[in-house]
Amino acid sequence: MDEKVVLSLCEEIKTKFEGVDTLNKLNDLKQEYMGKKGIITEYQNGIKDAEDKKTYGMNLNKVRNTFDELYSAKLEELETLELNKKLESEKIDITLPSKKVRVGSKHPMTRIQEEFEDLFVSMGYDVYDGPEIETDENCFQKLNLPLGHPARDAQDTFYLENEYENYLLRSQTSTGQVRVMEANEDKGPIRVVCPGKVYRRDDDATHSHQFMQIEGLVIDENVSMADLKGTLEMFSKKILGEKTNVRFRPSYFPFTEPSVEVDVTCFKCGGKGCPLCKQTGWIEVLGAGMVHPNVLRMGGYDPEKYQGFAFGTGMDRFAMFKFGITDIRTIYGNDERFLSQFERKDD
Amino acid sequence: MKLSRKFLSDYIDIDGITTEQIAEDMTAVGNEYDSCEKLIPATNLTIGEVIECADHPDSDHLHVCKVDIGSEVLDIVCGAPNCRKGIKVVVALVGAKLPGGEIKAGVIRGCASNGMLCSKAELGLDSKFLKEEDYKGIIELGEDAKLGEDPIKYLGLDDEVIDFELTSNRGDLLSILGMAYEIGAIYGKKVNEVDGYHNESGNIDFDVKVETENCPLFLAKQVKNVTIKESPEFIKNRLIASGIRPINNVVDISNYVMLELGQPLHFYDNDLLGNKIVVRMAKEGEEVKTLDDEVRTLSSEDIVIADESKAIGLAGIMGGASTEINENTKNVLIEAAIFDSVKIRKTAKKVLRSEASNRFEKGIAPIRTYLAIHRCCNLLEKYADATIVGGMIEYDKTFKGVKEIEVSLEKINKVLGINISSEEVIDIFERLNFHVNEDNNVFKVMIPPYRLDISIKEDLIEEVGRMYGMDKIESTKLVLPLKEGKYNKDRRQIKNKMVSLGLDETLSYTLIPESEVHKFTLDNFTHINLADPMSEDRKTLRYSLLYSLKEIYEYNKARNEKDVCIFEMGKGFYKADNEYKEENKLACLMTGKYYLDINSTNVDFYIIKGVLEDLLDYMGYKGRYSIVEGNVPSEFHPGQSAVIMLQGSVVGYIGRLHPSVTKDAVYVFEINLDKVLNNKASRITFKEIPKYLKMVKDVAFVVDNNVSSREIEDVIKKAGGKLLNNIILFDLYTGNNLGENKKSIAYSLEFLDQTKTLTEEEVMEVVNKIIEAVTTKLDAKLRD
């Protein structure tokens with residue numbers, strides 16, 4: 001094998017590689033040159049008859065190297081081409097709708113309740129959930145509302161069949177005050193909130209016969225109205241925003257003395273005045289006061305030693321304010337188009 | 001309670017304080033108001049005189065007038081039949097705002113009209129104060145009315161009214177006098193005395209017998225020879241401002257005194273009454289015809305005024321028709337009494353809530369009863385030409401002492417959390433008309449008899465607080481010992497899990513129709529109804545939550561929302577052993593799409609079963625529950641439902657709703673959460689992660705259709721022994737090529753040894769045992 005043969009062979013190989021455009025053709029070409037009866041193999045076999053074996057071998061190597069290099073390059077080229085073709089064929093319509101696992105949602109009232117609970121639990125309050133069927137005693141009498149008390153009119157109560165002035169559906173979560181005081185055997189300090197369902201004979205855009213309240217009770221030796229104000233300020237700021245202020249107006253509830261109505265800065269207008277707050281800048285959200293000594297006494301506490309504050313509010317109103325719901329019946333309607341709006345975290 | 005500024009001015013000097021200011025300041029001390037308005041809000045009115053009145057050329061009823069308003073003469077077209085030359089009238093000028101709209105200059109059928117002559121109705125008085133002529137004709141003012149002046153003032157209707165929404169403890173504020181004391185306390189003003197002076201002659205000839213303890217005070221006086229006529233304007237106007245319709249002078253005086261002093265009164269025609277009355281409880285079923293001509297049937301809980309034989313009036317609520325004051329009345333018996341507030345409240349709720357019953361319900365101070373009866377005499381003498389008979393019937397069992405309460409400065413400051421001085425406290429008490437003795441910062445306070453709401457020291461602290469200003473209390477941050485706040489974590493975590501499984505939480509009503517309460521359960525229980533439900537749909541306390549969820553599904557379906565996957569946690573109620581019971585339940589309903597994907601199938605039994613299993617596994621009951629065939633409630637599809645067992649007892653049901661409940665493929669489950677949570681959740685204990693590879697072998701069997709997967713798995717598990725780590729069903733197939741009633745069922749069997757790598761031989765030995773067991777025990781064939 002002399003230089004001339006090498007050159008012409010290399011030329012021939014180059015030309016042949018140029019014509020290869022598939023992996024099959026590439027394989028055929030490899031057979032043609034490197035297969036058992038391939039051209040290069042034949043030359044390889046011819047080495048034993050060569051005169052100058054060394055030169056022959058060197059020249060053969062040149063041809064083989066040329067082939068190998070071109071082969072590798074072609075292989076890579078064709079593989080890339082093949083891959084690209086494959087990728088091309090695998091193209092999908094990325095605008096088709098996604099496949100999803102359904103996303104669930106907590107009911108807005110649960111969200112509000114948990115928000116309230118978390119805040120108070122973080123301040124060391126327990127959460128107490130009492131029964132919804134209550135005695136008249138726990139719902140009224142032990143809260144200083146004896147039978148026939150005119151303040152009972154504010155709550156049109158559902159009594160159970162044949163149980164008039166005996167058993168009822170609780171009309172306020174204040175029942176929790178009574179139960180927690182009675183259950184607390186050492187008659188020591190109390191810090192508790194009682195959230196839950198309550199029932200009254202009432203049904204319109206702002207009243208539902210079933211709604212949610214939360215009651216708070218703190219009893220200790222030195223708990224004052226000023227502390228109540230501080231607590232409700234903190235609560236209002238956390239729930240309704242840092243800019244919220246709290247206003248106390250004297251009022252009357254049989255189970256607290258003194259009693260106050262608590263207004264907060266209107267969350268719609270920020271206190272400037274708007275139709276929601278009737279231009280006053282304030283919205284009434286809570287009733288509160290210092291626990292009436294009769295209530296303490298009936299709960300087994302000595303009013304000379306202990307004093308405390310209590311507050312109560314409707315959680316539905318907070319949900320309505322927070323999410324901009326105008327009709328309370330929406331909350332209990334369970335329309336999918338309502339529920340699905342709560343499939344997300346808080347803002 | 002409507003407070004007339006003019007009426008109030010009789011008792012305190014409020015010159016220089018606007019009505020709005022009074023309303024705001026009263027709110028600040030705990031007496032909220034609803035509205036604060038002029039009695040007649042109309043503007044731009046003036047007094048005029050009709051100096052010319054001609055018929056309108058183009059109308060059969062209109063008049064074309066020239067009206068002199070002092071400063072000018074206006075052309076005004078007027079349609080009132082009583083419009084005529086020479087009368088003095090109320091002129092609404094151009095620009096006047098009346099309840100009916102604004103007055104504009106215009107031309108009426110070709111004649112210019114620059115204003116309007118007003119009727120009483122057009123001024124905006126409530127229709128109950130108007131007579132027919134007040135609509136038809138214009139107001140005719142007296143000769144003395146001065147042109148150009150304010151006609152409202154001339155009519156005495158230039159009043160302002162605050163409508164208070166009072167708290168139920170302040171019965172004393174249901175009177176002008178009580179309001180005067182309260183407002184006097186705010187501004188530090190003295191309250192004028194009530195004028196009860198009158199002459200008397202003769203001696204009372206009447207007998208009263210009180211037979212019930214529900215009437216602790218009963219006073220009566222006789223009045224002779226009254227003249228029934230219209231009341232003077234000031235009485236009529238004050239009644240109107242207070243929302244009460246004037247009738248005649250005698251009736252009006254009884255209402256006037258009630259408004260003034262808070263003591264309801266009843267006047268009888270003494271000649272129709274006879275000379276004796278009895279106060280007693282009604283007999284069961286006794287009837288009485290009240291002033292409104294209604295016959296009321298009474299119970300033994302109602303207090304009545306009776307003659308010897310029968311009830312003639314409903315005490316404290318409404319008088320009787322038979323002894324009513326009428327235009328021929330000459331002699332009057334005045335009744336001023338106190339009736340038990342609880343009894344009155346009950347009767348009033350049943351019969352009618354009136355101005356009188358409202359005051360009795362809130363309680364009346366006896367001192368006011370005495371004051372009122374004398375005030376009636378005073379006014380009847382002045383305005384009804386009455387002769388007051390000497391002597392008075394006086395039945396009085398009321399408390400006569402003076403309430404004295406002690407409170408210390410320290411306690412006041414401790415409860416309110418403020419730092420008020422002894423001088424300030426004394427000032428507040430004195431402004432409230434409380435007599436106070438202070439000794440070493442302890443106050444002995446004498447409570448005026450009309451303040452029935454004050455009986456303990458906390459009440460006094462409230463008085464100090466509200467006069468000091470509750471809003472002036474500066475907030476403090478309560479510091480209490482560190483303590484863990486406890487709450488029900490289970491409930492939250494279960495809800496979180498259900499939400500993470502893609503379900504929306506619902507919140508529905510506890511009250512359902514009675515006809516539905518025993519559905520969706522096999523339990524025998526006594527259900528609970530309300531005594532007085534708002535409707536049949538909200539009569540009964542639910543036992544199962546599934547009725548509510550089904551209703552929610554139907555509600556949404558009707559709105560074309562067909563993919564409904566929801567859950568609710570709530571209570572089920574029942575009665576057992578004479579006790580009311582509540583149990584926490586969790587219910588779930590799924591229908592439509594669960595996986596959101598164009599090709600996905602709808603919810604089926606296996607999807608909801610997966611949700612339930614995920615939940616129970618999450619709750620720590622993995623391997624301790626089973627979902628098995630068994631008795632299910634008739635609202636469930638018998639072939640696609642199961643009983644949920646936990647530790648050997650039934651905790652709920654799962655399955656498709658029966659076609660008789662809904663034709664749609666709706667799947668539900670409900671578990672009794674209390675029963676479930678009674679079982680302690682297993683603890684999370686870490687197991688070593690296997691060091692050796694698991695080996696997986698697939699096997700498929702052809703078996704009869706009625707052989708359940710559970711049966712096959714049980715056989716496999718038993719034969720598989722220790723090395724078998726997991727069984728996963730991966731294929732289920734039925735087809736004609738398998739033969740009739742046959743199915744092919746294929747499992748991946750996972751083998752694992754915690755101590756070494758398994759060999760093919762070891763595993764195949766077990767696999768063969770499994771195949772052997774399944775084929776022989778279940779008459780199955782191995783499928784190649």
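Visitor: Hi! In strand E33 of chain B, residues 625–628, which side chains are buried and which are not?
Guide: Hello! The side chains alternate along that strand. B:Tyr625 and B:Ile627 point to one face and are buried, whereas B:Ser626 and B:Val628 point to the other face and are not. Keep in mind that this is a predicted model.

Visitor: What does E33(B) pair with?
Guide: Its partner is strand E34 of chain B, residues 636–646, and the two run in the antiparallel sense over four bridges. Within E34(B), B:Ile644 is the bridge partner of B:Ile627.

Visitor: And which residues have the most contacts inside the largest nonpolar core?
Guide: B:Leu380 and B:Ile644 do, in a core of 265 residues. So you meet B:Ile644 twice here, as a bridge partner of B:Ile627 and in that core.

Visitor: What is B:Leu380 in contact with, leaving aside neighbours within four places in sequence?
Guide: B:Val223, B:Val226, B:Val250, B:Ile253 and B:Ala386. Apart from this core lies another, with 15 residues, including B:Val703, B:Ile712, B:Ile745 and B:Tyr747.

Visitor: Let's step back. How many helices and strands does chain B have?
Guide: It has 20 helices and 40 strands. Its radius of gyration is 42 Å, well over the 28 Å that the globule rule gives for 784 residues, so chain B is more spread out than a compact globule.

Visitor: What box do its C-alpha atoms fill?
Guide: Roughly 125 × 80 × 60 Å, taken along the principal axes. Of the 784 residues in chain B, 40% are buried. Among contacts in chain B with a separation of 6 or more, 68% are between residues 24 or more positions apart.

Visitor: What are the confidence scores like?
Guide: Chain B has a mean pLDDT of 92, and 100% of its residues reach 70 or more. For the model, ipTM is 0.87 and pTM is 0.85.

Visitor: Back to sheets, then. What is the strand order in the open sheet of five strands?
Guide: The order is E5-E4-E3-E6-E11, in chain B, with antiparallel pairing. Strands E5 (73–78) and E11 (116–117) stand at the edges with a single partner strand each, so one side of each has no neighbour in the sheet.

Visitor: How many bridges join E3 to E4 in chain B?
Guide: Six, between E3 (residues 45–55) and E4 (residues 63–68), which run antiparallel. One of the pairs puts B:Glu49 with B:Asp68 in E4(B) as its bridge partner.

Visitor: And how many join E3(B) to E6 of chain B?
Guide: Five, with E6 covering residues 88–92 and the two strands again antiparallel. There, B:Leu45 has B:Ala92 of E6(B) as its bridge partner.

Visitor: What about the open sheet of four strands, what is its order?
Guide: That one reads E38-E39-E37-E40 in chain B, also with antiparallel pairing. E38 (724–733) and E40 (781–782) are the edge strands with a single partner strand each, so one side of each is left without a neighbour in the sheet. Two bridges join E37 (residues 695–704) to E40(B), and B:Phe701 has B:Leu782 in E40(B) as its bridge partner.

Visitor: Switching to helices: which residues of H6 in chain B are buried?
Guide: In H6 (residues 233–241), they are B:Lys236, B:Asn237, B:Arg238, B:Leu239, B:Ile240 and B:Ala241.

Visitor: What covers them?
Guide: The cover includes strand E1 (2–4), helix H1 (5–9), strand E12 (160–165) and helix H7 (249–261), which belong to chain B. After H6(B) comes B:Gly243, whose phi is positive, near 90°.

Visitor: Last topic: how many residues does each chain bring to the contact?
Guide: Chain A brings 75 residues and chain B brings 77. On the side of chain A that touches chain B, there are 31 nonpolar, 19 polar and 25 charged residues.

Visitor: Which strands of the two chains are joined by two bridges?
Guide: Strand E1 of chain A (residues 100–101) and strand E32 of chain B (residues 595–596), running antiparallel. In that pairing, A:Lys100 stands opposite B:Leu596 of E32(B).

How values were computed. Residues numbered from 1 in each chain as written. Chains lettered and ligands numbered in written order. Buried ≥ 20, exposed ≤ 12 C-beta atoms within 10 Å, placed from the backbone. Pairing = 2+ DSSP bridges. Contact = placed C-beta atoms within 7 Å. Nonpolar A, V, L, I, M, F, W, Y, C, P; charged D, E, K, R; others polar. pLDDT = per-residue confidence, 0-100. Core = buried A, V, L, I, M, F, W, Y, C linked by C-beta atoms within 7 Å. Rg over C-alpha atoms; globule rule 2.2 N^0.38 Å.
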